[in-house]
Each structure stands twice: as structure tokens, then as C-alpha cells.
Amino acid sequence: MDILSLVTLTINGKKVQVEQGTTILNAAKLLEINIPTLCHMNLHDGSEHNPGSCRVCMVEVEGRRNLAPSCNTPVSEGMVVKTNSIKAITARRNVVELLLSDHPQDCLLCEKSTNCELQSLAADMGIREIKYKGEMSTFPKDVSSASIVRNLDKCILCRKCVTVCNEVQTVSVLSAVNRGFDTVISPAFGMPMVDTNCTFCGQCVSVCPTGALTEVNNTSKVWNALNDDSKFVIVQTAPAVRAALGEEFGNECGTPVTGKMVAALRSLGFDRVLDTDFAADLTIMEEATELMDRIQNGGRLPMLTSCCPGWINFFEREFTDLLDVPSSCKSPQQMFGAIAKSYYAKKMNIDPKNMIVVSVMPCLAKKYEAAREEMGNDVDIVISTRELAKMVKEAGIHFNSLHDEEFDSFLGESTGAGVIFGVTGGVMEAALRTAYEWITNETLDDVEFSMLRGMDGIREATIQIKDMQVKAAIASGLGNARKLLEKIRSGEADYQIIEIMACPGGCIDGGGQPYLHGHYEKLEKRANALYQEDRNKPLRKSHQNPAIIQLYDEFLDKPNSEIAHKLLHTHYTCRECD
């Protein structure tokens with residue numbers, strides 16, 4: 001660091017030296033001085049968004065008549081700042097009290113209770129009464145989608161959802177509408193979410209500090225199913241869930257809790273506890289076959305992976321000229337449902353009409369995906385990681401005291417390739433493990449494609465498979481996906497395969513995962529939990545899964561067979577033409 005770029009200032013009587021351009025907020029963090037804020041936002045790429053709209057982070061700067069918002073006020077040489085003066089504390093209390101005066105007082109019933117930043121801030125400030133009385137904003141709830149609920153009565157206009165929707169995901173569904181007391185964060189013309197270009201990725205829900213944006217709560221549907229003796233209720237769990245669920249029970253981030261998760265689900269009363277990782281292995285069988293066919297027979301390239309419903313929603317609305325580019329494979333969730341209600345139901349001698357398939361997913365778009373007409377109701381109910389945690393707590397199960405248990409057999413068996421689906425780059429790595437051996441007829445000893453790993457939003461690699469070079473690209477986050485799709489559209493792209501995940505970091509950062517509150521460094525810990533589980537598996541290539549081999553021998557015949565195509569593949573629709 002150039003010493004000429006350093007600035008020395010004093011905060012609460014303590015000197016600190018920081019780089020020129022640093023905000024007061026970040027300078028204070030170096031001294032471990034906490035300045036509260038509701039609108040400041042850390043982004044996945046390490047940058048920050050400081051709109052200064054909430055005015056909670058006001059501080060006193062010597063020589064200035066007015067208080068300054070610490071989140072977007074740069075430091076200067078010799079600056080003297082007080083964050084704990086009566087003037088600053090009073091101003092912050094007034095701002096929070098004004099926010100509370102126009103906020104519903106139903107904290108005990110709110111979906112974000114104990115996870116609400118406004119609630120925590122009011123508690124930290126010792127606010128026990130609302131001084132300001134007056135008109136309160138009232139808006140109808142938007143419950144139009146299967147994934148997200150919007151309750152504008154609880155919106156504090158922090159604009160975090162606007163930032164993540166517009167700048168990170170580049171979907172641009174949400175913006176500030178109207179002025180003054182009538183200002184709301186809304187789609188254009190107040191449209192319901194289901195009628196917009198929303199992908200239902202849930203990243204807006206992840207960053208909302210209050211209960212203005214929450215997932216559609218399906219826990220009551222699951223409880224009703226579990227208590228219906230006429231139904232055979234099975235549950236599948238996505239790979240990313242096991243890497244984050246423990247956080248809801250006080251475990252350190254990155255603690256894998258697969259065995260305890262299985263035990264908890266069995267304690268809740270599910271008839272079978274099964275693993276979406278099985279269907280991830282099945283996805284690889286179909287997707288790797290499709291990729292090889294496209295490469296060897298002059299098919300449409302690059303092929304894009306199709307496991308993520310958020311990104312599928314994105315391209316169906318914004319890149320309708322590229323509908324033939326993604327793989328036609330359904331996602332693992334939907335493949336699981338299709339096999340469960342056909343082959344598995346027959347194997348168990350159960351009428352599919354009496355089988356209920358529940359999915360535990362890190363992703364809110366999975367709720368929307370299960371409701372898509374072309375999916376045929378193969379998955380009946382989808383709950384998030386957070387919703388599962390609520391059910392476990394509601395049932396009085398002491399999660400951390402549970403003994404590890406194994407998934408039930410058949411649709412519970414999986415390989416290491418299936419578990420890494422939960423992290424960005426994992427689907428491609430899993431596919432290449434199988435494609436390599438199929439193309440070369442040789443054993444792949446080193447199955448870890450380290451060049452495909454990492455948290456960068458866009459990554460490129462060339463993989464040598466015998467005399468063939470496979471050019472690959474990976475994008476996580478829809479803003480990065482847009483950049484790659486624009487390259488395909490313009491003809492610049494020279495790839496054979498592209499993996500896209502709607503959420504930055506992949507499913508480990510899904511909209512239904514435990515809230516990170518801007519601590520995106522935790523994503524690597526979640527990713528490492530999945531990589532470690534992969535290493536601990538005796539089998540690490542999808543085509544080695546004995547249950548998968550049995551499924552093809554007894555039912556599907558071979559990858560991309562007529563029945564496999566009927567059950568495991570789908571088509572895409574021009575949603576902008578709806």
C-alpha cells in the first residue's frame with residue numbers, strides 16, 4: 001500500500017490509519033466499533049453498496065454542523081469522529097423509532113422473527129415504546145407466486161432487494177416507485193411478482209432485513225401430509241442442504257450434518273428419507289450422454305446445464321432465441337419425482353396417487369419449478385432449508401443430540417459426484433468425471449477438476465480428454481450468466497459446455513438457505529463441506545452408482561432411451577410470449 005494514500009483519523013478517541021477513500025463505517029470496523037446500519041450491503045464480489053438511505057448509521061464529525069452517514073462518507077486526514085455522542089445516538093434512535101412507527105407490530109408472528117435486522121436494532125437500542133403516532137402504510141400482500149411473498153407493510157425502503165435484483169442478478173424487477181410517504185419498492189405498475197420477469201431465485205429474500213420478502217411457507221402442507229394415514233410420504237434432500245442446515249442449530253458454518261439431517265427427517269415421520277444426490281447421479285447419466293452426442297454428432301454447442309430453475313426462468317424470458325442451447329434434462333429434483341412416482345412406486349407396490357413427494361431444497365425457485373405444468377406434479381411440496389429447521393424445532397427434536405443415520409436404500413444411494421452439485425462448478429465437474437471415462441474407455445484416477453472450482457462469478461477452463469479439448473465456462477449469479485449468454489448470442493463464445501447457477505456460489509447460497517447477513521466468506525466453508533463429503537464417498541463417479549445401474553437395467557434401458565426421454569427430459573417455453 002502506498003504510504004501517501006493513507007489517512008489518519010480519530011474515532012471515539014482512538015486513532016486509526018486507513019487507505020484514502022475508505023468510509024467512516026469501514027474505518028470504525030478496524031477499531032471494532034460497530035455502527036448500526038440497515039441499508040449498507042456487502043456484495044458477493046467483495047464490493048459494497050452504500051445508498052445512505054436508511055440514515056441509521058449517522059455519526060458526529062468534528063467541524064460539521066450536521067451529522068454524516070458513515071456508510072458513504074469518506075475519511076479525511078485528521079478527521080475526528082464520534083459514533084457514541086448523545087447527538088449521534090439520539091439521531092439513530094429517532095430514525096429507528098420513525099421506522100417502527102410505520103411498521104407492523106406483529107413480531108411474534110413474523111416469518112423473520114429473530115432474524116429481523118430491524119428487530120435486533122430496536123432491541124440493541126433499548127426501544128420499548130413507539131413515540132411517534134400517525135398514519136401507517138397499508139398494502140395488499142403479493143402472494144401470486146409459488147415461491148415468494150411480498151409484504152410491503154414491512155418494507156423499510158433500504159433498497160437491498162433493488163441492489164441484488166438490478167446489479168447482481170440484472171433481472172431488474174424491483175425499483176422505488178412513487179415519492180415521499182407513498183414510496184414503495186415494487187415491480188413496475190405494481191404488477192404481481194408472478195407476472196414479471198422474476199426468476200424466483202430468492203436472492204432478494206436473502207438480503208431483506210425485515211419480513212417484507214419471505215418464502216412461501218409450505219410447512220403446514222408437509223405436516224398435513226405426514227398426518228394423513230392414507231398417504232405414503234417420502235422426502236428428498238438436495239446436496240446443499242446438508243452443508244448449511246447445521247447453522248440453524250448453532251453449528252459452525254461448513255459443518256456437514258447429513259446423518260443428523262436424515263435422523264431428524266425420520267423423526268418427523270417421513271415414510272422414506274431419500275437423497276436428491278441419487279437423482280444428481282441420474283442427471284449426469286442423461287446430461288453426459290447428451291453432451292457427448294452433441295460433440296460427436298455436430299449438435300448445438302455450447303450445451304448449457306439445466307439443473308437450476310432460477311436460471312431456466314431467466315433465459316426463458318430474456319434469451320428466447322437460445323431455447324435450443326440448454327440441455328433438455330430436467331433438474332435432479334424433478335427427475336427424482338418422476339422416478340419416485342413411476343419405478344419406485346411400482347417397486348414399493350404403492351399407487352402413485354397415494355404417494356406424496358416432498359423436497360427439501362436450498363432454492364426458492366424449486367417451489368416454482370415443481371408447480372410448472374410440464375413437470376406433471378411429480379414433486380408435491382417443496383420446503384426450504386430454513387423451513388425444515390423450523391419443523392425440526394417445532395417438533396421439539398434436539399438436532400445436535402441426534403445419532404447419525406443413513407438414507408433409505410435405492411433412491412438414497414449416491415456418489416461423490418452427486419453431492420458436489422450443490423456448489424458452483426460441481427455439475428460440470430461431475431459430468432466430466434463420467435464423460436472422460438465414456439469417451440476414453442480409461443479409468444480417471446484423479447477425479448477432482450480443481451480448475452473448475454472457486455467462487456469467481458465467471459470461470460473458464462480447457463479440459464483435455466485424450467485427443468479432444470473440451471472448452472468449458474462456469475457462471476454463478478444471473479448477472480454473470482447474462483455476460484456469457486450475450487457471448488453465445490453474438491457468436492463470441494467458443495465453448496462446448498457451460499454451467500450456470502442463478503445464485504452466486506451456487507446452491508450453497510440459495511434463497512432458502514440460512515441467512516448469511518452479508519458474510520459471503522462463509523460460502524467457501526459450505527463448499528468445502530460438500531467437497532469433503534465427496535472425498536469420503538467410496539464411489540465418486542455417477543455411472544458407478546449401483547442403484548443407477550439397476551435403474552437402467554430394470555426400467556430405463558439406457559440413457560436417453562425413449563422412456564428416459566419421456567420421464568427425465570423436458571422442453572422450454574418462450575415466457576415473454578405468455
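Q: Which residue just after α15 takes a positive phi?
A: That's Gly491, with a phi of about 90°. Bear in mind that this is a predicted model.

Q: How do you know that the span of helix α15 agrees with its 13 residues?
A: The expected span is 1.5 Å times one less than the number of residues. For α15, residues 478–490, that rule gives 18 Å, and the end C-alpha atoms are 18 Å apart, so the two agree.

Q: What makes residues of α15 such as Leu478 and Ile488 count as buried?
A: Buried means under 20% relative accessible area. Leu478, Gly479, Asn480, Ala481, Arg482, Leu484, Leu485 and Ile488 all fall in that class.

Q: What do the buried residues of α15 pack against?
A: Quite a list: two helices, α4 (160–168) and α9 (309–318), plus the strands β14 (303–304), β17 (458–465), β18 (468–476) and β19 (497–501).

Q: Why is strand β15 called largely enclosed?
A: The cut-off for buried is under 20% relative accessible area. In β15, residues 355–361, 7 of the 7 residues are buried, so the rest of the structure largely encloses the strand.

Q: How do you know that both faces of β15 are covered?
A: In a regular strand, side chains alternate between the two faces of the sheet. On one side of β15 sit Met355, Val357, Ser359 and Met361, on the other Ile356, Val358 and Val360, and all are buried.

Q: What makes β12 and β15 a pair?
A: Two strands pair if at least two bridges are found between them. Strand β12 (residues 232–237) has 6 bridges to β15, in the parallel sense, and Val235 stands opposite Val358. β15 also runs parallel to β16 (residues 381–384), with 4 bridges joining them; there Ser359 has Val382 as its bridge partner.

Q: Why are β2 and β6 called edge strands?
A: Look at the order of the open sheet of 5 strands: β2-β1-β7-β5-β6. β2 and β6 (68–69) each have a single partner strand, so one side of each has no neighbour in the sheet.

Q: What makes the pairing in this sheet mixed?
A: Both senses turn up. β1 (residues 6–11) and β2 (residues 14–19) are antiparallel over 6 bridges, while β1 and β7 (residues 80–82) are parallel over 2 bridges. β5 (residues 58–61) and β7 are antiparallel, over 2 bridges, with Glu60 partnered by Lys82. Helix α2 (residues 86–101) packs on this sheet, touching β5 and β7, and its direction makes about 160° with that of β5.

Q: What lies between β1 and β2 in their hairpin?
A: There are 2 residues between them, and Asn12 in the turn has a positive phi of about 50°. Along the paired strands, Leu9 has Val16 as its bridge partner. Thr10, meanwhile, stands opposite Val80 in β7.

Q: How do you know that the radius of gyration agrees with that of a compact globule?
A: The globule rule is 2.2 Å times the number of residues to the power 0.38. With 578 residues that comes near 25 Å, and the protein has 25 Å, which agrees. Its C-alpha atoms fill a box of roughly 80 × 60 × 50 Å along the principal axes.

Q: How many of the 578 residues count as buried?
A: 61% of them do. The accessible surface comes to about 23800 Å², with 48% belonging to carbon and sulfur atoms.

Terms used
Residues are numbered from 1 along each chain as its sequence is written. This is a predicted model: local features need pLDDT of at least 70, side-chain atom pairs count only at pLDDT 80 or more; totals for chains, interfaces and linings use all residues. Side-chain values use heavy atoms; hydrogens and water are left out. Buried means under 20% relative accessible area, exposed over 50%, partly exposed in between (1.4 Å probe, protein chains only). Contact means heavy atoms within 4.5 Å. Accessible areas come from the Shrake-Rupley method with a 1.4 Å probe; for residues, only the protein chains shown count as cover. Axes are lines fitted to C-alpha atoms, for helices over the stretch in contact, and angles run from 0 to 180 degrees between N-to-C directions.
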